[in-house]
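User: Could you take me through a structure I have just opened? I would like to cover internal space, helix packing and the backbone.

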Amino acid sequence: MTNWQIVSWNLTRRCNLACGHCYLDATQRQRPLPGELDTAACLGVIAQLAEVAPGAMLVLTGGEPLLRFDLEELVRAASQAGLLPVVGSNGIVLDQRRARTLKNVGAAGVGISLDAIDQEGHDTLRGFSGAMQGALQGIAAARAVDLPVQLQTTIFEYNRRQVSRLVGLAHELGAVAINFFFLVCTGRGSHQTDLTPEAYEETLEDILRLQEANHGLLVRVRCAPYMRRLQGLKNGEERGSLAAWSGACLAGRSYFRITPEGRVTPCPYLPLEIGDLREQPLARILAEAPALVRLSGETPGGKCGLCDYRISCGGCRARAFAVHGDLMGEDPKCRHIPRADAVPELSSATAPVSDVAWHPDCAPRLARIPAFLRDRVRRHLEEQAKIDGVTVITPEYMMIHRPARMARAEMVLVRAPEMVMVNRIERSVGTPIVT
């Protein structure tokens with residue numbers, strides 16, 4: 001059974017910007033586009049998500065999701081259903097009143113796009129004069145009500161040498177994370193100039209150095225799975241804030257996307273529809289879609305299939321599809337050439353079977369932990385139990401190892417949106433989030 005950890009949902013194609021790299025090809029309109037799911041339909045989808053992806057992070061984005069009058073109702077429903085709702089916005093229409101309301105109804109955080117250190121650069125990329133000022137005002141509004149903020153930056157040749165200064169700006173603005181997205185040429189982004197493989201590698205090396213130097217801020221990459229190779233992390237290994245499951249392309253394996261019209265794709269950058277929620281239940285789509293079977297069980301082709309990092313990295317499936325038209329083709333942006341004596345990774349297992357048992361009463365507590373943290377929490381408790389000579393983990397043992405009883409230096413407070421889960425887990429589960 002697939003463990004769905006993250007779901008991205010484009011709630012609307014409406015937007016107040018005209019970004020040249022928009023993968024959704026969003027439009028500036030006063031009213032919702034025909035065919036977009038209404039409130040009742042969205043609430044039905046949330047109920048289905050709670051069944052097939054319990055505890056998943058639900059990224060509510062657009063277009064601009066704040067243009068939906070029912071956003072708060074959807075956030076509340078998602079939170080009450082046990083999901084972890086996060087709002088992805090350009091920040092322009094986010095004021096303190098809206099930020100406070102989002103927080104009160106259960107939003108775990110907000111991701112705001114900031115693509116350059118200078119106003120001219122950001123405004124040009126976003127197609128709107130004043131876009132950067134609006135983003136900064138939105139960040140300030142969220143910070144004023146203690147709604148966690150993470151910055152989202154799409155990397156271009158224009159801004160790739162600004163990554164260090166962007167990380168510094170993230171610190172100054174009080175963000176808890178900055179995510180660097182590497183452009184996949186889909187939607188309007190298909191007409192943008194992409195980075196060369198050499199530029200990808202160089203930029204990733206810069207970000208790797210920033211990751212190691214910025215312990216008070218999560219510095220992460222998206223759509224660049226070969227970061228695992230640069231970090232020297234094989235399948236199942238983890239270090240610092242990079243968990244064992246992170247890095248490799250998640251499309252169709254622990255991550256999927258829903259369009260404004262209710263269609264399902266393996267990820268936002270893979271325009272390969274695998275089902276329609278107006279016609280089929282989500283559980284059936286996820287269980288029967290041939291593309292998901294390939295993504296979860298098939299070895300990539302080309303050099304990705306022969307690589308010594310073919311499991312831990314595996315290449316970006318969306319980029320392979322965009323360039324080769326083959327879902328399981330090789331990632332054309334990776335310049336890695338394995339050594340002559342290197343052997344491909346042979347197993348997709350992420351962790352050995354533990355000889356520590358779990359008492360049945362632990363199941364409800366584990367289920368309340370967000371899906372993207374559950375395996376990490378479980379693994380930590382099993383390792384601690386081995387040290388203590390404990391053969392069966394009980395609810396009482398989970399409570400004993402709650403964060404308040406651990407040295408702060410040993411804890412990794414997983415931040416934005418994960419950071420808000422620390423208190424929630426401590427209250428309801430009593431389980432630490434640690435490396």
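Analyst: The answers below take those topics in turn, and the model is a predicted one.

User: How many cavities of 30 Å³ or more does the structure hold?
Analyst: There are two cavities of that size. The second largest has a volume of about 110 Å³.

User: Which residues are closest to the centre of that second largest cavity?
Analyst: They are Cys304, Cys307, Cys313, Cys334 and His336, out of 14 residues that line the cavity.

User: And how does the lining divide by residue type?
Analyst: Seven of the lining residues are nonpolar, three are polar and four are charged.

User: Turning to packing, at what angle do α6 and α7 cross?
Analyst: The axes of α6 (residues 163–173) and α7 (residues 197–213) cross at roughly 35° and come within 10 Å. The crossing is right-handed.

User: Which residues meet there?
Analyst: From α6, Val163, Ser164 and Val167 meet Thr203, Asp206, Ile207 and Leu210 of α7. This contact comprises four nonpolar residues, two polar and one charged.

User: Now the backbone. Which peptide bond is cis?
Analyst: The bond from glycine 62 to glycine 63 is cis, with omega near 10°. Glycine 63 sits in the loop between β2 (57–61) and α2 (71–80).

User: What is the phi of aspartate 146?
Analyst: Aspartate 146 has a positive phi of about 60°, although it is not a glycine. Its loop runs between α5 (131–144) and β5 (149–155).

User: Is aspartate 146 buried or exposed?
Analyst: Aspartate 146 counts as exposed because its relative accessibility is 53%, and the cut-off for exposed is over 50%.

Key
Residues numbered from 1 in each chain as written. Predicted model: local features only at pLDDT ≥ 70, side-chain atom pairs only at ≥ 80, totals over all residues. Heavy atoms only, no water. 1 Å grid on protein atoms, 1.4 Å probe; cavity = no way out; pocket = protein on both sides within 12 Å on 5 of 7 lines; lining within 4 Å. Points joined across faces, edges and corners; volume = space filled by probe spheres on them. Nonpolar A, V, L, I, M, F, W, Y, C, P; charged D, E, K, R; others polar. Axes fitted to C-alpha atoms, helices over the stretch in contact; angles between N-to-C directions. Helix = DSSP H or I, 4+ residues; strand = E, 2+ residues; numbered from the N terminus. Left-handed = near helix turned anticlockwise from the far one by under 90°. Contact = heavy atoms within 4.5 Å. Buried < 20%, exposed > 50% of the residue type's maximum accessible area, 1.4 Å probe, protein only.
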